[in-house]
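Visitor: I should like a close look at a single part of this model, followed outward into its surroundings. Please choose one residue and build the account from there.

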Amino acid sequence: MVLLLDIASWALLSIGGTFVFIGGVGVLRMPNLYTRIHAASLTDTMGAILIIVGVMLQAGASLAAIKLAAILLFLLLTSPTASNALASAALLAGLRPGDTVASHEEQSG
Amino acid sequence: MIVLFGVFLLTLMVITALAIVHTRHLFVAVILTGIFSLLMAANFFLLDAADVALTEAAIGAGISTVLFLGALALTGEYERASTSNRLLAMCVVAVVTLIVIYATFDKPRFGDPLAPVHQHVSPWYLERTPEVIDIPNVVTAVLASFRGYDTLGEVFVVFTAGIGILFLFGARPRRRSGSPGIKMAEPDQGLRHYLIPRVVGRLLIPFILLFGLYVQFHGDYGPGGGFQAGAIVAAAFILYALLEGEAQALRVMPQRLLTGLIAGGALLYGAVGVAGMLLGGNFLDYSVLAADPITGQHIGILLIEAGVGIAVTGVLLSVFHAFAARGRH
């Protein structure tokens, strides 16, 4: 049973780490702000869920697991909100979804 | 493994610091400063300094970033190109760096039990806390009771900083007092037109306040205490101000009340010390506050931590409102 939990938690942590990595690559490689937000939100949601559930499996049925669940709930509420606020702020500031970062930097710089 | 994490975090911090120096875009620099503080907090946590880590995360990464952004709203977005002599500055930095590196050779090794810091009063604090004060968190015992004078000094530093900023920023133009009704409608309405952040923010504010109270009153048992709790409670009100507009936040918590909090928190701390003197003990000696010395210590620590929390909340919110009010004119 312990072995099974360890394997499950290991798998969750690895997949979560992969999502975070993909999110990081996406933030660097995507062409403009909106697609970058999309990549970053992958880190916030899938990465956070998988990693925290993986750690919860390690914590077992304890107070730590409840605290982790609270953190997860907090992240699931705040991260998408932050992404939404960021995107709508960029839209209000006049950044059009079609622009690439390079052309935008030329405009402002 | 811990050492590996520590080196990793410190390397990231060096990179972040270089990026802060390099960038000319002040907004980027502010965000990088927040990242720097968060890395620092993680580093403190690795070193088992959970109380300091909590303070760094709440104040360094949280409130300071907001205050920097508030300051940034008053100034330009780009740093002016420096005209001073760079060569001289680089020489000074290089010399200081070499001296600091040279000084580290004399430092005791990481975790060395024979290091001077572990030989002086620390063993005494660790030994005596269970019998004299009887709370699990030795950091709070040291901070609030053994070294209560130092913490009193810190609270007065915060108090003085708050007064200074209120003097610098608080001078409002006369015309504001004339027609408050018109002025109230004018200030920016916060995020009123952003539906989703508003709903989620309003949902979270009570829980942030609850967490602040937990950190405040759980300080005897785990990481936490007045400084951290004050920052968290202030963050909840700042979030409210961002969502609902600053005028509404000032209506909920007027500046007069904030000034009262600043003075009241510092006063509460001092009053606990004077109460100890009146009951026949020394200044800030909590043992005489109750019939049982240990209960007296508990009451004293609870009261002075409350004083710290109140003062910190008042100062941070006053500073925020001072910046925000400045931006309006």
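Guide: A suitable starting point is B:Asp134, which is found in the loop between helix H6 (122–132) and helix H7 (138–146) of chain B. The model is a predicted one. Although B:Asp134 is not a glycine, its phi is positive, at about 60 degrees. Is this residue buried, exposed or partly exposed? B:Asp134 has 14 C-beta neighbours inside 10 Å and therefore counts as partly exposed, since the class lies between 12 or fewer neighbours for exposed and 20 or more for buried.

The two helices on either side of this loop deserve attention next. Two packed helices are described by the angle between their axes and the distance between the axes. For H6(B) and H7(B), the axes come within 10 Å and cross at roughly 90 degrees. The two helices are therefore roughly perpendicular to each other. On the H6(B) side, B:Tyr125, B:Leu126 and B:Thr129 make the contact, and they meet B:Val138, B:Ala141, B:Val142 and B:Phe146 of H7(B). By class, six of the residues in this contact are nonpolar and one is polar, with no charged residue.

A second loop of chain B offers a comparison. B:Leu284 is placed between helix H14 (255–278) and helix H15 (293–328). B:Leu284 is not a glycine either, and has a positive phi of about 65 degrees. Its setting is given by 22 C-beta neighbours inside 10 Å, so B:Leu284 counts as buried, whereas B:Asp134 counts as partly exposed.

From these loops the account passes to the interior. The largest nonpolar core holds 59 residues, and those touching the most other members are B:Ala231, B:Ala234, B:Phe237, B:Ala311 and B:Leu316. H7 is one of the elements that give two or more residues to this core; the others are helix H2 (26–46), helix H3 (50–72), helix H8 (148–170), helix H12 (226–244), H14 and H15 of chain B. The most is given by H15(B), with 14 residues. Because domain 1 (1–114) and domain 2 (121–329) of chain B both give residues to the core, it lies between them. Apart from this core lies another, of nine residues, including A:Ala48, A:Ile51, A:Ile52 and A:Leu57.

One residue may illustrate the packing. Leaving aside residues up to four places away in sequence, B:Ala234 touches B:Ile63, B:Thr313, B:Leu316 and B:Leu317.

The relation between the domains can now be stated. The centres of domain 1 and domain 2 of chain B, taken over C-alpha atoms, are 26 Å apart. Contact between them involves 14 residues of domain 1 of chain B and 18 residues of domain 2 of chain B. The side of domain 1 that touches domain 2 has 10 nonpolar, three polar and one charged residue.

Finally, chain B also meets chain A: five residues of chain B are in contact with six residues of chain A. On the chain B side, five residues are nonpolar, with no polar and no charged residue. Chain A itself has four helices and zero strands, and 16% of its 109 residues count as buried. Of the contacts in chain A between residues at least 6 apart in sequence, 62% join residues at least 24 apart.

Terms used
Residues numbered from 1 in each chain as written. Chains lettered and ligands numbered in written order. Predicted model: local features only at pLDDT ≥ 70, side-chain atom pairs only at ≥ 80, totals over all residues. Domains from an automatic or database assignment. Contact = placed C-beta atoms within 7 Å. Nonpolar A, V, L, I, M, F, W, Y, C, P; charged D, E, K, R; others polar. Core = buried A, V, L, I, M, F, W, Y, C linked by C-beta atoms within 7 Å. Axes fitted to C-alpha atoms, helices over the stretch in contact; angles between N-to-C directions. Parallel < 35°, antiparallel > 145°, perpendicular 65-115°, else oblique.
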